[in-house]
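Me: I am new to this structure and would like a close look at one part of it. Please take your time and explain each term as you go.

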Amino acid sequence: MKTTIRQIGSHVEETVIIGAWLANKRSSGKIAFLQLRDGTGFIQGVVVKAEIGEEKFQKAKELTQESSLYVTGMVRADDRAPSGYELSVTDFEVIHEAADYPITPKEHGTEFLMDHRHLWLRSRRQHAVMIIRNEIIRATYEFFNREGFVKVDPPILTGSSAEGTTNLFHTKYFDEDAYLSQSGQLYMEAAAMALNKVFSFGPTFRAEKSKTRRHLIEFWMIEPEMAFMDHEESLEVQEQYVSWIVQSVLKECPQELKALERDTAVLEKIQAPFPRISYDDAVTFLQKEGFEIEWGEDFGAPHETAIAESYDKPVFITNYPKDIKAFYMKPHPDREDVVLCADLIAPEGYGEIIGGSQRIDDEELLKQRYEEHNLSEEAYQWYLDLRKYGSVPHSGFGLGLERTVAWISGIEHVRETIPFPRLLNRLYP
Ligand code: 4AD
Ligand code: MG
């Protein structure tokens with residue numbers, strides 16, 4: 001019976017056929033161990049000369065790495081195997097004999113691996129990260145569907161910017177100028193006025209000249225937007241959502257977390273509610289810790305890491321100065337100088353995974369911001385309309401998928417959290 005490695009547990013002591021690639025092998029005079037992978041998992045195939053015959057055994061020993069095969073064998077439960085099972089191979093058929101595979105089982109440098117990303121994805125570690133990424137996406141849809149959100153797809157090609165004009169990707173749209181979306185937020189606000197609670201999931205682009213472990217040029221964002229919701233209520237959705245995806249990964253991906261040697265005890269603790277600290281208090285804290293930072297300055301990675309170290313859960317830093325945040329954020333009711341916003345900082349030095357805020361709902365104030373930020377009223381007229389026809393308090397946020405995958409997987413750099421990363425100097429493969 002044809003099956004997959006993932007399903008193999010329901011065929012113990014049965015003979016099965018799997019399509020697989022040879023990830024690695026080792027052999028002696030009488031026995032060969034084939035490390036097989038089929039994309040759904042990894043399993044060891046055991047080939048015994050006395051059972052399979054001289055000729056087939058010789059063929060098994062000569063198999064090249066990444067050759068594709070149909071393998072027939074008896075499924076054995078085995079507690080010592082990482083997957084819990086082993087395959088006693090009774091026969092195999094070579095589909096394609098692979099040429100010399102560049103990614104040998106020895107260590108390789110990062111640039112070499114990045115040049116071979118299309119092949120590197122097959123490795124156990126990269127496989128585990130992609131499965132976890134998929135689980136986070138699945139759990140995201142599950143969470144927002146359950147909570148009554150409608151999935152809405154904002155455009156990728158836009159005529160205006162959402163998050164400032166310094167890192168826009170410019171392109172031509174026939175005779176007009178266009179930009180790749182930095183965030184779907186402004187469109188999601190329009191959608192929330194039509195559908196109440198909405199979320200998007202899509203690619204976003206920022207021509208950021210940053211070469212850090214947290215920055216990609218192309219990354220994927222989940223952007224919920226909620227009508228009739230204030231900032232506090234939005235923070236509650238955020239902590240529920242983040243707890244949900246972490247707990248889902250723990251439940252659905254134990255083998256992948258194990259393959260990544262992730263410390264799951266720290267993830268078990270990620271349960272709502274999350275702590276909150278105001279920007280003001282964060283600055284005071286940092287000054288006490290010896291950082292040279294003044295009120296009004298933005299936080300960098302070292303600041304975020306220092307703040308996060310005081311907690312074993314993600315922490316919300318709330319109410320940043322208006323001057324270092326986006327034009328659309330609603331001012332604090334008691335203070336003109338700060339806005340109703342929060343960044344959610346992940347533990348263990350992974351930095352900001354969410355940026356969110358309550359949005360300005362007053363037409364006059366928004367017009368004033370257009371002037372202060374040099375935004376053309378023409379390009380943003382439609383956005384102003386949302387404050388003209390039944391304006392309501394509304395809030396939303398954006399979660400960066402890759403930083404979240406990095407944190408939950410315990411991966412140092414975001415380049416390993418997306419199948420084909422776009423980095424400052426990498427557009428290949
Ligand atoms: O904080 P940001 O810029 O917020 C927005 O874009 C809002 N419009 C979202 C909203 O309210 N709908 O970005 C949101 C998140 C960050 O917290 C971070 O996780 C991620 O997107 N992010 C990046 N991830 C990888 N590479 C980059 N260059 C990123 N820039 C932001
Ligand atoms: Mg931000």
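Which strand gives the most to the shell around ligand 1, and how many residues does that strand supply?

Reply: This is a predicted model, in which local features need pLDDT of at least 70 and side-chain atom pairs count only at pLDDT 80 or more, while totals for chains, interfaces and linings use all residues. Residues are numbered from 1 along each chain as its sequence is written, and chains are lettered from A and ligands numbered from 1 in the order in which they are written.

The strand is β17, which gives the most to the shell around ligand 1, with five residues. Helices (H or I, at least four residues) and strands (E, at least two) are DSSP runs, numbered from the N terminus, and a residue is near a molecule or strand if its C-beta atom, placed from the backbone, lies within 6 Å of it. At least two residues of the shell come from each of β11 (218-227), β17 (351-358), β18 (394-400) and α14 (401-409). Of the 23 residues around ligand 1, those that come nearest are Ser183, Gln185, Gly355, Gly398 and Gly400. The shell divides into eight nonpolar, eight polar and seven charged residues, where Ala, Val, Leu, Ile, Met, Phe, Trp, Tyr, Cys and Pro count as nonpolar, Asp, Glu, Lys and Arg as charged, and the others, Gly among them, as polar.

From β17 one can step to its partner β16, since the two pair in the antiparallel sense over six bridges, pairing being assigned if DSSP finds at least two bridges between two strands. Ala346 has Gly351 in β17 as its bridge partner, and in the hairpin of these strands, with four residues between them, Glu348 takes a positive phi near 60°.

Strand β16 (residues 341-346) is largely enclosed by the rest of the structure, because six of its six residues are buried; buried here stands for 20 or more other C-beta atoms within 10 Å of a residue's own, exposed for 12 or fewer, and partly exposed for those in between, with C-beta atoms placed from the backbone. Cys341, Asp343 and Ile345 point one way from β16, whereas Ala342, Leu344 and Ala346 point the other way. In a regular strand the side chains alternate between the two faces of the sheet.

β16 is also joined to strand β13 (residues 315-318), which runs antiparallel to it, by four bridges, and Val315 stands opposite Ile345 in β16.
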